[in-house]
Amino acid sequence: TTLFRSTVRMVTGDNVETAKAIAQKCYIFDPSHPEYDHNLTVMEGPVFRKFVGGLVYEESDTLKQKPKIANMAKFKEVVAKLRVLARSSPADKHILVTGLKELDHVVAVTGDGTN
């Protein structure tokens with residue numbers, strides 16, 4: 001049998017302190033964990049977007065523009081630690097999902113909003 005490891009990340013429009021409190025109560029992250037990184041485990045959307053360079057678009061075989069992460073090395077650095085993305089926009093969610101899919105991760109998204 002093959003075991004799969006999953007990582008839960010919370011992406012929210014809430015402010016950082018509210019997001020951290022909710023994430024801790026839901027066991028999404030623990031600030032006392034040795035892998036906690038003050039700069040990467042909890043981030044705000046605009047900081048995340050700037051850090052990874054956003055998305056770039058390139059032509060694909062179907063002549064549609066395909067989004068890609070602008071700086072995949074930085075994305076990999078962030079995604080290894082990221083558990084909470086606060087003050088995020090729909091664009092930040094799109095960047096995160098696009099990058100995870102580029103890395104061949106299985107991604108599921110749920111929420112109460114339409115974005």
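Tyr 27 is exposed, with a relative accessible area of 76% (exposed means over 50% relative accessible area, buried under 20%, and partly exposed in between, with a 1.4 Å probe and protein chains only). The structure is a predicted model, in which local features need pLDDT of at least 70 and side-chain atom pairs count only at pLDDT 80 or more, while totals for chains, interfaces and linings use all residues. Residues are numbered from 1 along each chain as its sequence is written, and side-chain values use heavy atoms, with hydrogens and water left out.

Tyr 27 belongs to the loop between α1 and β2 (helices, H or I of at least four residues, and strands, E of at least two, are DSSP runs numbered from the N terminus). Its backbone deserves a second look: phi of Tyr 27 is positive, near 60°, in a residue other than glycine. Most residues other than glycine have a negative phi. Asp 104 offers another such case, with a positive phi near 65°. This residue sits in the segment after α4 and is exposed, at a relative accessible area of 71%. A positive phi also occurs at a glycine, Gly 53, which follows α2 and has a value near 85°. Returning to the loop between α1 and β2, Asn 39 is found there as well. Asn 39 is exposed, with a relative accessible area of 57%, and its C-alpha atom is separated by 19 Å from that of Gly 99, 60 residues apart along the chain.

The sheet comes next. Three strands make up an open sheet in the order β1-β5-β2, with parallel pairing (two strands pair if DSSP finds at least two bridges between them). Strands of a sheet pair through backbone hydrogen bonds, either parallel or antiparallel. Strands β1 (10-11) and β2 stand at the edges with a single partner strand each, so one side of each has no neighbour in the sheet. Between β1 and β5, which run parallel, there are two bridges; Met 10 has Val 84 of β5 as its bridge partner.

Helix α1 (residues 16-25) lies across β1, β2 and β5, and runs at about 150° to β5 (axes are lines fitted to C-alpha atoms, for helices over the stretch in contact, and angles run from 0 to 180 degrees between N-to-C directions). Within α1 is Ala 19, which counts as buried at 0% relative accessibility. Apart from residues up to four places away in sequence, Ala 19 touches Met 10, Thr 12, Asp 14, Val 84 and Ala 86 (contact means heavy atoms within 4.5 Å). Met 10 and Val 84 thus appear both among the contacts of Ala 19 and as bridge partners. The C-alpha atoms of Ala 19 and Leu 85 are separated by 8.0 Å, although these residues are 66 residues apart along the chain.

Helices α2 and α3 can be described together. In α2 (residues 45-52), the buried residues include Gly 45, Phe 48 and Val 52. They cover an arc of only 65° around the axis, which puts them on the same side of α2 (the arc is that of the directions from the helix axis to the C-beta atoms). Their cover includes β2 (42-44), β4 (65-69), α3 (72-79), β5 (84-86) and α4 (90-102). In α3, Met 72, Phe 75, Val 78 and Val 79 are buried. Seen down the axis of α3, these buried residues fall within an arc of 120°, so they line one face of the helix. An α-helix has 3.6 residues a turn, so residues three or four places apart point the same way. Among the elements covering the buried residues of α3 are β2, α2, β4 and α4.

Helix α4 holds Leu 100, which is buried with a relative accessible area of 7%. Leaving aside neighbours within four places in sequence, Leu 100 is in contact with Arg 9, Phe 75, Val 79, His 105 and Val 107. Leu 100 and Ile 69 are 31 residues apart in sequence and 9.6 Å apart in space, C-alpha to C-alpha.

Finally, the largest pocket has a volume of about 980 Å³ (on a 1 Å grid over the protein atoms alone, a pocket is an open set of points with protein on both sides within 12 Å along at least five of seven lines, and lining residues have an atom within 4 Å of a point; grid points are joined across faces, edges and corners, and the volume is the space filled by probe spheres set on the points). Its lining counts 28 residues, of which Arg 9, Val 11, Val 107, Ala 108 and Val 109 lie nearest the centre. The elements giving two or more residues to this lining are β1 and α4, and α4 gives the most, with five residues.

Methods: 1 Å grid on protein atoms, 1.4 Å probe; cavity = no way out; pocket = protein on both sides within 12 Å on 5 of 7 lines; lining within 4 Å.
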